[in-house]
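The following exercises concern the arrangement of strands, a helix and a ligand site. Please work through each task before reading its solution.

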Amino acid sequence: MTTLEVRDLTVRFTAGKRGLTAVDAVDLRVPTGEVLGLVGESGSGKSTLAKALVGLVPVMAGRVLLDGVDLLGARGARRRAARRHVQMVFQDPYGSLNPRMTVGEALGEAVRANSRGRRRRGANRVAGRGGSRGSEVQRLLDLVALDPDYARRLPRELSGGQRQRVAIARALAAEPQVLVADEITSALDASVQGAILNLLRDLQARLGLTVLFISHNLAVVRYVSDSIAVMYLGRIVEVAATDELLDRPQHPYTRALLDAIPQFGAPPLMDAAALLDAEPPDPHDPPPGCRFHTRCPIGPLADPGRTICLTDDPDSGAAGRLHRAACHFADRPAVDHAPRRTKEALP
Ligand code: ADP
Ligand code: MG
């Protein structure tokens, strides 16, 4: 049971002619045993943030804390031990599994790596012995609801959903306290997505995992998350408890994502589909002021008086606040100058 905290995290890619800040001063907190959903369109920086948490991309600034221990700052054995507590599952289970290793071999390898880590830390060796390694593989298969004989199969002999179950089992071999799940259902058929989401919910509850659940699909995120963070061009633009975010979204971008889910299409603020279909700005050169102003349905495009959006970066406010949104007009979503259909104008 572990709280994951991200403070002021910045990841900048500098290769190529133009640099790009994929994650820009992000603050997030996932309390012990809870699921924080992270949603945003493709290219908003979700995967880069996830990779930063597990050390797969270099971090330019900021901290990642696990119960107060800095994962990026700690050294040597302490860092390895802390890192092991954070495991990641990726979108493409086929790409992340070795095609020539059976399921049993892949899981056995993960169990062995984990028991080596334990020995280094002076814990008992039981899990590392050959015989009990087999039973540990069986335990992992059982956790993800796969029959024992799946241990003999190769990845290509599995369906997409089964492969994703194996990928989850492999992550669990390290007995993590935190699981980072990045688009784990996005490559699956719709009919299989629900089963994997239910498995994740079940495992999270049974093992008391702290989970960062990432998807571009808000309908998927809301199904598993206690709270939701919305990301846009490298920034978190809104964070709130799931019900609160769904019932009282404050940021116009969050409202666009919600309006695109049919059953949430409350009084539409905009043509969500058109807004989300439009190309987002070039991430190498994000707009000044509020990054969303070039698409925002309540910003200067709709109300030329709202010039503050062109010049001032909205502060997302104190990270501790329960519901925060980085919008100058979060509390005034209506646009005074927007053309209204009056009685007279109706045919
Ligand atoms: P998401 O997961 O939300 O779709 P990503 O984190 O994959 O977004 O990407 C965020 C931005 O960073 C994108 O503009 C992407 O092109 C860029 N990016 C991602 N990885 C790299 C990399 N290794 N080098 C350069 N740019 C990258
Ligand atoms: Mg991604």
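**Exercise 1: The mixed sheet**

In this predicted model, strand β7 (residues 178-182) pairs with β6 in the parallel sense, over 4 bridges. Determine which residue of β7 stands opposite Q87, and establish which strands stand at the edges of the sheet.

*Solution.*

Step 1. The residue opposite Q87 in β7 is L179.

Step 2. The open sheet has 7 strands with mixed pairing, in the order β6-β7-β8-β3-β9-β10-β11. The edge positions are held by β6 (86-89) and β11 (324-325); each has a single partner strand, so one side of each is left without a neighbour in the sheet.

**Exercise 2: The antiparallel sheet**

State the strand order of the sheet of 4 strands, and identify the bridge partner of R7 in β4.

*Solution.*

Step 1. This open sheet is ordered β2-β1-β4-β5, and its pairing is antiparallel. Because β2 and β5 (69-70) stand at the edges with a single partner strand each, one side of each is left without a neighbour in the sheet.

Step 2. Strands β1 (residues 4-13) and β4 (residues 61-66) run antiparallel and are joined by 5 bridges. Within this pairing, R7 has R63 of β4 as its bridge partner.

**Exercise 3: The placement of α1**

Across which strands does α1 lie, and at about what angles does α1 run to β8 and to β1?

*Solution.*

Step 1. In the mixed sheet, α1 lies across β3 (35-39), β6, β7, β8 (210-215) and β9 (227-232), and runs at about 150° to β8.

Step 2. In the antiparallel sheet, α1 lies across β1, β2 and β4, and runs at about 115° to β1.

**Exercise 4: The surroundings of ligand 1**

Describe the shell around ligand 1, its polar contacts and the elements that contribute to it.

*Solution.*

Step 1. The residues around ligand 1 are F13, L20, A22, E41, S42, G43, S44, G45, K46, S47, T48 and P283. By class, the shell divides into 4 nonpolar, 6 polar and 2 charged residues.

Step 2. With 3.5 Å as the limit for a polar contact, three residues can be examined in turn. A polar backbone atom of S44 is 3.2 Å from an oxygen atom of ligand 1. For the side chain of S47, an N or O atom is 2.9 Å from a ligand 1 oxygen. For the side chain of T48, the corresponding distance is 2.5 Å.

Step 3. On its own, ligand 1 has 560 Å² of accessible area, of which the protein covers 62%. Two or more residues of the shell come from each of β2 (20-30) and α1 (46-53). The element that gives the most is α1, with 3 residues.

Note on methods
Residues numbered from 1 in each chain as written. Chains lettered and ligands numbered in written order. Predicted model: local features only at pLDDT ≥ 70, side-chain atom pairs only at ≥ 80, totals over all residues. Heavy atoms only, no water. Near = heavy atom within 4 Å. Polar contact = N/O pair within 3.5 Å; in protein donor to acceptor, adjacent residues only side chain to side chain. Areas by Shrake-Rupley, 256 points an atom, 1.4 Å probe, with all protein chains shown as cover. Nonpolar A, V, L, I, M, F, W, Y, C, P; charged D, E, K, R; others polar. Pairing = 2+ DSSP bridges. Contact = heavy atoms within 4.5 Å. Axes fitted to C-alpha atoms, helices over the stretch in contact; angles between N-to-C directions.
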